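The following paragraphs lead the reader through a single structure, beginning with its cysteines and then turning to the overall fold and selected side-chain interactions.

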Amino acid sequence: MKDEPMKAEDEATYYWLIKDELIKAEDEVIISRYLKRMIVNGDSWPDHFIVDVDVFNTNPDVEFYSPSTRFLIVKTRTEACGRTDGCESGCWRIIGRDKLIKSKETGKILGFKKILKFCKKTKPREYKRSWVMEEYRVTNNLNSKQDHVICKIRFLFEAEISFLLAKHFSYLSTRSPLPANQLLPAYGVCFFDTEAECAFYLQTIINYDGNTWPSYVTNNVYRLHPLTLVDPQDDKFREFGTCIFANRTKACGKTDECDGGGYWTIVEGHRGIKSKTGEILGYSRVFQLSENEEPINVCEGEDVNETAWIIEEYRLDEKKKKDKVLCVIKKILIPLSPR
């Protein structure tokens with residue numbers, strides 16, 4: 001009896017499971033389960049999540065959607081040198097040369113991986129994120145011409161890139177991933193219970209022991225315009241905000257002027273955050289960016305919303321951990337009263 005064809009809805013579910021596996025997969029799985037099978041067995045997967053595109057000669061800002069991880073099957077272009085042909089806006093450069101990918105069970109070499117970064121010809125003054133490509137290829141005995149490789153392309157914070165390179169150069173393919181509450185990039189959280197949300201941020205600070213204190217973008221949070229720190233078009237940022245870790249706070253109600261204009265002012269003073277037993281664990285404050293703009297003229301009776309940049313600042317009680325501050329940058333809507 002022949003196998004019955006898969007129903008359309010089952011097929012769609014199956015393909016989305018493959019996509020989810022690919023995003024979370026380790027290097028060994030990407031090479032052995034996908035690239036090797038494609039080259040040796042001729043297997044293929046739907047093009048709605050694996051795209052055949054001339055990625056090395058296109059602008060990733062135009063080609064890809066930043067919040068989404070993209071897997072592409074392309075012809076290899078990085079064997080001979082450290083940079084690709086590129087496009088008008090920039091080119092891909094190798095920042096992590098070939099790393100051996102081995103089977104955990106047998107120790108056999110499965111293939112190789114290199115890391116590339118898209119370098120723009122003119123680097124804009126903006127948030128610290130870049131396009132990064134992880135290129136996978138099998139061994140020459142399986143594919144002597146190296147016709148195709150699989151590329152994993154993501155839009156990453158600088159700290160994510162540093163972590164990726166550290167793992168790449170360590171050659172520890174079995175290294176344990178970071179705990180969930182330390183994953184990069186550090187987006188905020190959104191709980192229905194405000195106290196639980198505050199406690200989560202304080203616990204995040206507590207989880208970093210000793211001097212291990214990440215700085216995903218900068219410690220100088222209060223001297224920079226938020227556009228240099230975050231991507232306002234990032235869906236996750238708009239929903240959760242972005243966490244920046246700092247080694248100092250501001251004691252007064254108004255900060256120095258930010259690079260790019262404006263200054264932060266305290267709009268909500270210290271609020272104690274208590275544990276379940278009633279003990280004060282730490283404090284929170286809220287800053288808002290004043291950008292010295294002309295007020296908006298509003299007609300009488302008209303409802304208008306204005307956006308504002310805020311920083312939700314969290315710190316522990318000074319007796320527990322001094323100079324460890326977690327700032328959550330957000331852009332929120334503020335209703336304006338008719339003038």
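The sulfur of Cys-327 has its closest cysteine sulfur in Cys-243, at 9.3 Å, which is too far for a bond. A disulfide is defined as a pair of cysteine sulfur atoms within 2.5 Å, and the structure holds zero of them. Seen from the other side, the closest cysteine sulfur to that of Cys-243 is in Cys-327, again at 9.3 Å and too far for a bond. Both cysteines are buried: Cys-327 has a relative accessible area of 0%, and Cys-243 one of 4%. Here buried means under 20% relative accessible area, exposed means over 50%, and partly exposed lies in between, with a 1.4 Å probe and protein chains only.

The model is predicted, so local features need pLDDT of at least 70 and side-chain atom pairs count only at pLDDT 80 or more, whereas totals for chains, interfaces and linings use all residues. Residues are numbered from 1 along each chain as its sequence is written, and side-chain values use heavy atoms, with hydrogens and water left out.

The chain as a whole may be described next. Its secondary structure comes to six helices and eleven strands; these are DSSP runs numbered from the N terminus, helices being H or I runs of at least four residues and strands E runs of at least two. The chain has 339 residues, of which 44% count as buried. It exposes about 19,200 Å², and carbon and sulfur atoms supply 49% of that area; accessible areas come from the Shrake-Rupley method with a 1.4 Å probe, and for residues only the protein chains shown count as cover. Among contacts (heavy atoms within 4.5 Å) between residues at least 6 apart in sequence, 65% join residues at least 24 apart.

Individual residues illustrate such pairings. Lys-120 lies in strand E4, which covers residues 109-120, and is partly exposed, with a relative accessible area of 33%. Lys-120 and Gly-90 are 30 residues apart in sequence, yet their C-alpha atoms are 4.2 Å apart in space. The side chain of Lys-120 also makes a polar contact of 2.9 Å with the side chain of Asp-61. A polar contact is a pair of N or O atoms within 3.5 Å; within protein, one must be able to donate a hydrogen and the other to accept it, and residues adjacent in sequence count only if both atoms are side-chain atoms.

Ile-334 offers another pairing across the sequence. It is placed in strand E11, residues 325-336, and counts as partly exposed at 23% relative accessibility. Ile-334 and Glu-306 are 28 residues apart in sequence, with a C-alpha to C-alpha distance of 5.0 Å.

In helix H5, residues 194-207, one finds Thr-204. This residue counts as buried at 6% relative accessibility. A polar atom of the Thr-204 side chain lies 2.9 Å from the backbone oxygen of Phe-200.

Charged side chains form the last topic. A search of the whole structure finds eleven salt bridges, a salt bridge being a side-chain nitrogen of Lys or Arg within 4 Å of a carboxyl oxygen of Asp or Glu. One of them joins Glu-26 and Lys-104, whose closest N and O atoms are 2.6 Å apart. This pair links distant parts of the chain, 78 residues apart: Glu-26 is in the loop between helix H1 (8-24) and helix H2 (27-40), and Lys-104 is in the loop between strand E3 (90-102) and E4. Glu-26 counts as partly exposed at 40% relative accessibility, and Lys-104 likewise counts as partly exposed, at 45%.

Asp-98 takes part in a salt bridge with Lys-114, in which the closest N and O atoms are 3.3 Å apart. The two residues are 16 apart in sequence, with Asp-98 in strand E3 and Lys-114 in strand E4. Asp-98 is partly exposed, with a relative accessible area of 30%, whereas Lys-114 counts as buried at 4% relative accessibility. Asp-98 also meets Arg-137 in a salt bridge, at 3.0 Å from N to O. Arg-137 lies in strand E5 (residues 129-138) and Asp-98 in strand E3, so this pair ties together parts that are 39 residues apart in sequence. Arg-137 counts as buried, at 8% relative accessibility. Elsewhere, Asp-27, Lys-113, Glu-134 and Arg-154 are joined into one network by salt bridges that share partners.
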